[in-house]
Amino acid sequence: MPQVQGSKDCGNSPKNKFAQDVAVALECGEAETSAFSEDVIWENTSTEPISGKSAVLEHLKNRPTPSSVSVQHAISHGKIGAASGEVTFANGHTRRFCHVFDFTNTKANCVAVVRSYS
C-alpha cells in the first residue's frame, strides 16, 4: 500500500474524510465496493465514461500503484465533494489529480458520479 498523507480538511468531518478516502482509492486502484452506487459513472479526461460499479472496480484493478499519495484538500457540501492532491510513482514521476464527486445523498457516504482531472 502506498504511503498516504491526508488532508488537514478532514479533522472533524466524516464527509470530507470519505471524499479523501475515495480519492485515495481511485488513485491507488483499490476501493470499498460500498463506496459506489450500483449505477455509478466515472468520467475522466483519458477514456470514455465508465458506467456501473463492477466496471469501475474492474478499471481500478488496472491502475498503476503509486508509491505515495498526498491529498491537499478534501471538501464536501451537501451532495457534492472533491479531493485534490498529487501522486508519486516509484520511477519518480508525479501527477496531480482532482476528483469531484456527486454523492447519492447528503450523508455523502456513497458516490453516484466521479469526474476526474489530472
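Visitor: What makes the pairing between the side chain of Lys53 and the backbone oxygen of Phe36 a polar contact?

Guide: The side chain of Lys53 comes to 3.3 Å from that oxygen of Phe36, and a polar contact is a pair of N or O atoms within 3.5 Å, one able to donate a hydrogen and the other to accept it, with residues adjacent in sequence counting only if both atoms are side-chain atoms, so the pair qualifies. This is a predicted model, in which local features need pLDDT of at least 70 and side-chain atom pairs pLDDT 80 or more, while totals for chains, interfaces and linings use all residues. Residues are numbered from 1 along each chain as its sequence is written, and side-chain values use heavy atoms, leaving out hydrogens and water.

Visitor: Why is Lys53 called buried or exposed?

Guide: Lys53 has a relative accessibility of 15%, and therefore counts as buried, the term for residues under 20% relative accessible area, with exposed meaning over 50% and partly exposed in between (1.4 Å probe, protein chains only). Lys53 belongs to helix H2, residues 53-61, a helix being a DSSP run of H or I with at least four residues and a strand a run of E with at least two, numbered from the N terminus. Beyond four places in sequence, Lys53 is in contact (heavy atoms within 4.5 Å) with Thr33, Phe36, Ser37, Glu38 and Val40.

Visitor: What makes the phi of Ala108 worth a remark?

Guide: Most residues other than glycine have a negative phi. Ala108, by contrast, is a residue other than glycine with a positive phi near 55°; it sits in the loop between strand E6 (94-103) and strand E7 (111-117), and its relative accessibility of 2% makes it buried.

Visitor: How do you know that Phe103 is buried, and which residues does it touch?

Guide: Phe103, in strand E6, has 3% relative accessibility and therefore counts as buried. Setting aside residues up to four places away in sequence, Phe103 touches a list that includes Phe18, Ala19, Ile80, Ala108 and Cys110. Phe103 and Ile80 are 23 residues apart in sequence, yet their C-alpha atoms are 6.0 Å apart.

Visitor: Why is the protein called as compact as a globular protein of its length?

Guide: The protein comprises two helices and seven strands, in the order β-α-β-β-α-β-β-β-β from the N terminus. Its radius of gyration, taken over C-alpha atoms, is 13 Å, close to the 13 Å that the globule rule (2.2 Å times the number of residues to the power 0.38) gives for 118 residues, so the description holds. Buried residues make up 42% of the 118.
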